[in-house]
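This report describes one protein structure for a reader who has not met it before. Please keep the sequence and the structure in view while reading.

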Amino acid sequence: MSRLEQRFAELKAEGRSALVTFVTAGDPGYDASLQILKGLPAAGADVIELGMPFTDPMADGVAIQLATLRALEAGQTLVKTLQMVREFRVDNQTTPIVLMGYYNPIHRFGVDTFVTQAKEAGVDGLIIVDLPPEHDAELATPAQAAGIDFIRLRRHTDLPISVGFGIRTPEQAANIARLADGVVVGSALVDKIAQAKSADQAVTDVLSLCSALAEGVRGARR
């Protein structure tokens, strides 16, 4: 059983939804981003989606597009994103991490190399927004063969239902948690980084919001 399957099974047994948090790797800089990543589980995140910055994030909203630009300007690369996962896994072997992004950087990196290094780093799943099912052989099939879950934005019947559009407050998170297997929050956390006056404040504000959201989700029993 994968870390993702294990986590959702545990939460189902507890009768509650998962809090799934999204942040962009390298935003606002490598060190602060790593602090945020490492701090999210203690702040209540059950699953972490980690965005892989790309120069043309066409499927993302404005907040995440700007986060991607900040990360790229700070020097974030796919190699550094995988390194962040490795550093996270030094102290955390239980929280699932899903990398989310676009196929082009992976194709340039080399699919086989990427899959091997992602698995070694401790990546549990992939969401590649611009790779349709008819191209499964390019990445989905080798990723799954390596033990990395390949997750579609549209739900399959055998996967948990996670909802994540426009959730910004603990109350909204609680309302969704009563209906879905997972509550995904991204833009609200990313906006905290954008609004922070320093990297330290970004870390504090993101983790504080995560804690408040987690309280809302955990208080909404299904």
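## R16 and its salt bridge

In this predicted model, R16 counts as buried because its relative accessibility is 8%, and the limit for a buried residue is under 20%. The side chain of R16 meets that of D46 in a salt bridge, with 3.0 Å from N to O. This pair links distant parts of the chain: R16 belongs to the loop between α1 and β1, while D46 belongs to the loop between α2 (30-39) and β2, 30 residues apart. D46 is buried as well, with a relative accessible area of 4%.

The pair also belongs to a wider arrangement. A network of salt bridges links R16 and D46 with E14 and R218.

## Other salt bridges

In total, the structure holds ten salt bridges. One of them is formed by the side chains of R3 and D124, at 2.7 Å from N to O. R3 is located in helix α1 and D124 in the loop between α6 (111-121) and β4, so this salt bridge ties together parts that are 121 residues apart in sequence. The two partners fall into separate classes of accessibility: R3 counts as partly exposed, at 23% relative accessibility, whereas D124 counts as buried, at 7%.

A further salt bridge brings together the side chains of D27 and R70, at 2.8 Å from N to O. Here too, distant parts of the chain are linked, since D27 sits in the loop between β1 and α2 and R70 in helix α3, 43 residues apart. D27 counts as buried at 1% relative accessibility, while R70 is partly exposed with a relative accessible area of 22%.

## A cis peptide bond at D27

D27 has a second feature to record. The peptide bond that joins D27 and P28 is cis, with omega of about 10°. P28, like D27, is part of the loop between β1 and α2. As a general background, most peptide bonds are trans.

## The sheet

What is the order of the strands in the open sheet? The seven strands follow the order β5-β4-β3-β2-β1-β7-β6, and their pairing is parallel. The edges are taken by β5 (149-150) and β6 (162-163); each has a single partner strand, so one side of each is left without a neighbour in the sheet. At the β6 edge, two bridges join β6 to β7 (residues 182-185), and these two strands run parallel. V163 stands opposite V183 in β7.

Helices pack on this sheet. Helix α1 (residues 3-14) touches β1 (18-24), β2 (47-51), β3 (97-101), β4 (125-128), β5 and β6, and its direction makes about 140° with that of β2. Helix α10 (residues 199-218) also packs on the sheet, where it touches β1 and β7; the direction of α10 makes about 155° with that of β1.

## T24 in strand β1

Is T24 buried or exposed? At 2% relative accessibility, T24 counts as buried, the limit being under 20%. T24 is placed in strand β1. Leaving aside neighbours within four places in sequence, T24 is in contact with S33, L50, G51, P53, I64, A67, T68 and A71. Among these contacts of T24, L50 and G51 fall within β2 (47-51), while I64, A67, T68 and A71 fall within helix α3 (residues 62-73).

## Helix α3 and a nonpolar patch

Helix α3 (residues 62-73) includes L69. Together with V62 and L66, L69 makes a nonpolar surface patch of about 280 Å². L69 itself counts as partly exposed, at 43% relative accessibility.

Q65 is also placed in helix α3. With a relative accessible area of 29%, Q65 is partly exposed. Leaving aside neighbours within four places in sequence, Q65 is in contact with P57, M58 and D60. The C-alpha atoms of Q65 and F54 are separated by 9.0 Å, and these two residues are eleven apart along the chain. Helix α3 thus holds L69 of the nonpolar patch, Q65 and R70, the salt-bridge partner of D27.

Definitions and conventions. Residues numbered from 1 in each chain as written. Predicted model: local features only at pLDDT ≥ 70, side-chain atom pairs only at ≥ 80, totals over all residues. Heavy atoms only, no water. Pairing = 2+ DSSP bridges. Helix = DSSP H or I, 4+ residues; strand = E, 2+ residues; numbered from the N terminus. Contact = heavy atoms within 4.5 Å. Axes fitted to C-alpha atoms, helices over the stretch in contact; angles between N-to-C directions. Patch = residues over 30% accessible without salt bridge, like charges linked within 9 Å, V, L, I, M, F, W, Y side chains within 5 Å. Areas by Shrake-Rupley, 256 points an atom, 1.4 Å probe, with all protein chains shown as cover. Salt bridge = Lys/Arg side-chain N within 4 Å of Asp/Glu carboxyl O. Buried < 20%, exposed > 50% of the residue type's maximum accessible area, 1.4 Å probe, protein only.
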